[in-house]
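This report concerns the structure shown below. Please keep the sequence and the model in view while reading.

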Amino acid sequence: MDLPKIYTDENAARKHLERLQWPDGPICPHCGVVDQATKLQGKSTRPGVYKCRACEKPFSVTVGTVFADSHVPLHKWLYASHLLTASKKGISSHQLHRTLGVTYKTAWFMSHRIREAMRPAEFTPMGGTGKTVEMDETVTGKLEGAPKRIRIGGNQWRNIALTLVERGGSARSFHISGTTLATLLPIIRTNIRRESHLMTDQASWYKGIGKEFASHGTVEHSAEEYVRRDGEHSIHTNTVEGYYSIFKRGMKGVYQHCSEKHLHRYLSEFDFRYTYRVRLGYSDAMRADKALEGIRGKRLTYRRPHAS
């Protein structure tokens, strides 16, 4: 199958990125002026370079983005973005380096920069009147300095992830240090509207949060209770557990290892694909474009790869 031209041709890729980043004309990253730039021409000028008429500084569409100062052709960046956003459980850096024809180190750098583009610049609270938000936590990977072999139940050596999922909507995950009320409440109050209906299991750390919301439904998994009806509400956490099933299959089957300091980006990756899933009307191409819209104002540098 032939790939779209934006994944094989540098000029087509640049024009596509300009349309996404500059819908109202070129934006100078130095002074912020919109549509006041002249495109530079000539044999000695790199394609896609503009000069701002206000501050007289040159720039291109990649300046001030996660693609800045990269020697990787732009069409490979766009193809990598497509692969990472279209693969339900992710794509390893080894697979990416084979597919793109770049080194493993370069593929690893690219993956993390694209994950950074997937991270929202700001959050607005989830839920609202008549809406339901499910919340759960899970353990994944090991903490730095953990023993090589961890016995079953040795969760004190594991990373903890907390995930909020709005039924029929988005997912939002956090790498947290523990499950105390002091840790959870600031996250909950910032990210869930008080008018929402909250659903959790019966873990002890959720007992003090019911008064924060319109209602708080719980299921007792230890008694093999997974769903029940309470009037017009369906009480369960199956939605967030479904999210975790995809997350864990990806982390164990595709990435296999994730260091503690990078976990927040992997969580953002799975959140992104869930939030812009097919069921909500997003095609693979639309999802890739949403990731490309998030590249501005972010920058990452790494010395060497630590995760796949």
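The sections that follow treat the overall architecture, the packing of selected helices, and the salt bridges.

## Overall architecture

The structure is a predicted model. The protein comprises 308 residues, 48% of which count as buried. Its secondary structure consists of eight helices and 10 strands. Along the principal axes, the C-alpha trace extends over about 75 × 45 × 40 Å.

Contacts between residues at least 6 apart in sequence were also examined for their reach along the chain: 61% of them join residues at least 24 apart. As for individual positions, E260 lies in the loop between α6 (238-255) and α7. With a relative accessibility of 25%, E260 is classed as partly exposed, because the buried class requires a value under 20%. E260 and L17 are 243 residues apart along the chain, and their C-alpha atoms are separated by 32 Å.

## Helix α3 and its neighbours

Helix α3 spans residues 93-100, and its buried residues are S93, L96 and L100. These buried residues lie on the same side of α3, because they cover an arc of only 55 degrees around the axis. In general, an α-helix has 3.6 residues a turn, so residues three or four places apart point the same way. The buried residues of α3 pack against two helices, α2 (74-86) and α4. Just after α3, G101 adopts a positive phi of about 75 degrees.

The axes of α3 and α4 come within 8 Å and cross at roughly 110 degrees. The two helices are therefore roughly perpendicular to each other, as the crossing angle falls in the range of 65 to 115 degrees. The crossing of α3 past α4 is right-handed. On the α3 side, the residues in contact are S93, H94, L96, H97 and L100; on the α4 side, they are Y104, A107, W108, M110 and S111.

## Packing of α4 against α7

Helix α4 also packs against α7, at an angle of about 60 degrees and with the axes 8 Å apart. This angle makes α4 oblique to α7. The crossing of α4 past α7 is left-handed. From α4, the contact involves H112, R115, E116 and M118; from α7, it involves R265, Y266, S268, E269 and F272.

## A buried salt bridge between α4 and α7

Side chains of opposite charge can pair when their charged atoms come close. The structure holds 11 salt bridges. One of them joins the side chains of E269 and R115, with an N to O distance of 2.6 Å. The pair links distant parts of the chain, since E269 belongs to helix α7 (residues 263-275) and R115 to helix α4 (residues 104-118), 154 residues apart.

Are the two partners buried or exposed? E269 has a relative accessibility of 0% and counts as buried. R115 is likewise buried, with a relative accessible area of 0%. The bridge is part of a network of salt bridges that links R115, E269 and R273.

## Two further salt bridges

K131 forms a salt bridge with E166, in which the closest N and O atoms are 3.9 Å apart. This pair also links distant parts of the chain: K131 is in the loop between α4 and β4 (132-140), whereas E166 is in strand β5 (residues 159-166), 35 residues apart. K131 counts as partly exposed, at 41% relative accessibility. E166, by contrast, is buried, with a relative accessible area of 12%.

The side chains of R287 and D284 form a salt bridge with an N to O distance of 2.8 Å. What separates these two residues within helix α8? R287 and D284 are three residues apart in helix α8 (residues 284-292), which means that about one helical turn lies between them. R287 counts as buried at 4% relative accessibility, whereas D284 is partly exposed, with a relative accessible area of 33%.

Terms used
Residues are numbered from 1 along each chain as its sequence is written. This is a predicted model: local features need pLDDT of at least 70, side-chain atom pairs count only at pLDDT 80 or more; totals for chains, interfaces and linings use all residues. Side-chain values use heavy atoms; hydrogens and water are left out. A salt bridge is a side-chain nitrogen of Lys or Arg within 4 Å of a carboxyl oxygen of Asp or Glu. Helices (H or I, at least four residues) and strands (E, at least two) are DSSP runs, numbered from the N terminus. Buried means under 20% relative accessible area, exposed over 50%, partly exposed in between (1.4 Å probe, protein chains only). The arc is that of the directions from the helix axis to the C-beta atoms. Contact means heavy atoms within 4.5 Å. Axes are lines fitted to C-alpha atoms, for helices over the stretch in contact, and angles run from 0 to 180 degrees between N-to-C directions. Angles under 35 degrees count as roughly parallel, over 145 as roughly antiparallel, 65 to 115 as roughly perpendicular and the rest as oblique. A crossing is left-handed if the near helix is turned anticlockwise from the far one by less than a right angle, and right-handed if clockwise.
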